[in-house]
Amino acid sequence: MATSPTNAGTRSLLLLSRKVAPWLTSVVIIFVTTCICFVNAFWPYRYNTVEPLLNEIFASQIKIDHYHRTYFPNPGFVATGLTLSRNSAPDVPPIGSARKLVVQGRWTDLLLFRRRVRMVEVEGLHIVLPANGSRAQREDFPPGSSEDFSGPLTVVEQLNIHSAVLDIMRTDGNRYSFPIRQLVIRNLRQGQTVGYTLDMLNAKPIGHIQANGNFGPILPSNLGGTPVSGTFTFSDANLAGIHGISGALTAGGRFHGTVAAIEADTTAKVPNFAVGRGTPTSIGARAHSTINGLNANIVLHTIELRTGATTIRVQGTIIGSPKVTNLDITVTGGDAQDLLRPFLHDAVPIRGSVWLHTHAYLAASENRQRFLQRLHMDGTFDMPAEQLTNQPTEQKLSALSQHAQAPKSPKNESRPSNIDTDVLSSLNGRTEIRDGVVTTERLTFQVPGASVELNGSFDLRSGNVHLLGDLHMQSDISHVTTGFKSMLLKPLSPFFRKENAGTVIPIAIIGSPHHYKVSQNLLHRK
C-alpha cells in the first residue's frame, strides 16, 4: 500500500518539531534568564538607586519604613512611611513625612537606558516650615541650603502630590495650615522649566485656590531670580476668619516675574463686606501688586475699590513678620454713605460728597484682636455740602441756621420762614481712628449764618456721637431760641458777643442712632 504525500509531509514536520523544540526551549530560557540578569543588573528602582533620586526630587534626605518593587504593568516601586529631613540640616527635627510613595517608569525607557520616570505619586505629604525669621528657620535653611533645590537629573514626567498639608509656623507658636488637594508638576528636571497645576485651600481667610502656570528653570544660587508665571482664582473665601470683618471674597488674576518679585494683576468682588455689625455692602476691586515669594511681603502699587458710586484709591505695603499693613487712601468726590455704610449697623446719619486723604495702619493679627482694634487711621476730609439723614435733627439744624443769621429788615421779617427746608452744611477737618472710635481736634462745620468748631468722637461700632465746640453766629444769643427763653437770654447777649464775630456760644452734638441731638451747651458740659 503506497504512502500518500500528505502523510509523509506531516510525519516530517513532527520529526522536525521534536528536534527543534528542545533547541527553542533552550533559547527562550536563555533569553529570559539573560533579561532577568540584565534587568537585575541595571534595575533603576532598587533602594540604593532610588534613595538619591528621591533626595533630589524632594530636596531632602528621605528615610523609608517599607519598600517593595513592582514589575507589571510598569516597572517601579512602592514605599510607605517616609520621613523628610533637610539635606543641609539633617540633625534637626524632620520637616515632613508622607504616607505613601509610588514611582512608575516604562519598560522601553528602562531597556533603552533613558533616565526617565513616567510618574511619581505622593499621598499624605505633610510639611512643617518654621516661622519666618525664627531660629528654627535659620537652622533648617542655613546659608547655602538653596543648592538643595536644583531638581533631579532624571526626568520626572509627572509629579502628583495629593491629600497633602503644608503647615507654616507662626512666631506665637500657632500655625497656618494649607490643605493641598492636588499639586501636579510636569517635566521636572534640573535646569528645565516645569508646568504646574495647583488645587488647595488657603489658611486665612479660608478659601479655595486654583492656579496653573510655569515655574523655572530653578536657580539654586539665586532662588529669588527663578522665573514664575500663571493664572489663579480664589473663591469661597470667608472673610469672617479675619477678626472684625465679614464677607465672601471671590478673586482672580494673572502673575509673572521672578520668585522675589512677582507682578500680579488681580480683580476681586465682595458682595457683602462689613466691619463688625456694619451693613453688608458690595465692594469691587482691581489691583496691581508686587509679591516677594520668599518672605510674602507685598507692595500694593495701585488698588481701586468701588462701592456704590464711590471710588477709593489705595497704595501701600504689607510687610514684616508678622505682617503689618500701611496704606495711603484717597477719595475724590465720593459719597459719604458709601464710605460709612460697611461700618454702621443703622442708617448712615449724613449724606453728601466727600474728599478724603488718610493713612491707615493695620497692626499684625495677634492675640485675637479684632479688625477695628488693629486699625489706626490719620487723615483729613472735606464735605462741602452734606446733609443729615435724620429728618427731625435736620429740621433742628435748619432752624438753628435761620435763627443764627443776622436779623432781617422789618420788611423781610414779615415773610414766613420755611424751617422745614433742609439746610446744606459743610464739614471738614482732621481726624484719627483708634480702637473703632473716630476722634477730631478741629472739625469745622458750617451752615448759613453760623459755623462750628468741634472736638469729639464718633464710635464706628455703636454709632454714638459726642461732639462739643463753639458756635459762631451772625445774630445774638437771644435769636437762637424764642419766647420766654429769648427774653431771659437778651441780657446775656453782651457776654457771648465777640468783636467782629457776632455771637459765640458753646454747642453740643450728641446722641445715638435715631436719637442724635444738636443743642446749646452753655455750661460746656463734657
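These numbered points go through some local features of a predicted model, for a reader who is meeting the structure here.

1. Backbone geometry is a useful place to begin, since two kinds of exception occur in this model. Most peptide bonds are trans, and most residues other than glycine have a negative phi. The points that follow take the cis bonds and then the positive phi values.

2. The peptide bond that runs from F72 to P73 is cis, its omega being near 0 degrees, and P73 has its place in the loop between β1 (60-70) and β2 (76-86). A cis peptide bond also joins K204 and P205, where omega is about -5 degrees; P205 sits in the loop between β9 (194-202) and β10 (206-215).

3. S163 is not a glycine, yet its phi is positive, at about 55 degrees, and the residue lies within strand β7 (residues 155-169). With a relative accessibility of 44%, S163 counts as partly exposed. D435, likewise a residue other than glycine, has a positive phi near 55 degrees, but its setting is the loop between β22 (425-434) and β23 (437-447). D435 counts as partly exposed too, because its relative accessibility is 39%.

4. Helix α2 (residues 47-58) can be checked against the span expected of it: at 1.5 Å a residue its twelve residues should cover 16 Å, and since its end C-alpha atoms are 16 Å apart, the two values agree. Within α2, the residues V50, L53, L54, N55, I57 and F58 are buried.

5. V103 belongs to strand β3 (residues 96-104) and is buried, because its relative accessible area is 1%, where buried means under 20%. Which residues does V103 touch, leaving aside those up to four places away in sequence? They are Y45, P75, G76, F77, V117, M119 and V120. The C-alpha atoms of V103 and V78 are separated by 6.5 Å, although these two residues are 25 residues apart along the chain.

6. A search of the whole structure finds ten salt bridges, and one of them pairs the side chains of R99 and E123, with an N to O distance of 3.4 Å. R99 lies in strand β3 and E123 in strand β5 (residues 119-123), so this pair ties together parts that are 24 residues apart in sequence. Both partners are partly exposed, R99 at 48% relative accessibility and E123 with a relative accessible area of 27%.

7. R106 takes part in two of the salt bridges described here: its side chain meets that of D109 at 3.8 Å, N to O, and that of E157 at 2.7 Å, N to O. Because E157 lies in strand β7 while R106 is in the loop between β3 and α3 (107-111), the pair of E157 and R106 ties together parts that are 51 residues apart in sequence.

8. Is D109 buried or exposed? At 3% relative accessibility D109 counts as buried, whereas its partner R106 is partly exposed, with a relative accessible area of 30%. E157 counts as partly exposed as well, at 24% relative accessibility. These three residues belong to a network of salt bridges that links R106, D109, R114, R116 and E157.

Key: Residues numbered from 1 in each chain as written. Predicted model: local features only at pLDDT ≥ 70, side-chain atom pairs only at ≥ 80, totals over all residues. Heavy atoms only, no water. Helix = DSSP H or I, 4+ residues; strand = E, 2+ residues; numbered from the N terminus. Buried < 20%, exposed > 50% of the residue type's maximum accessible area, 1.4 Å probe, protein only. Expected span 1.5 Å × (residues − 1). Contact = heavy atoms within 4.5 Å. Salt bridge = Lys/Arg side-chain N within 4 Å of Asp/Glu carboxyl O.
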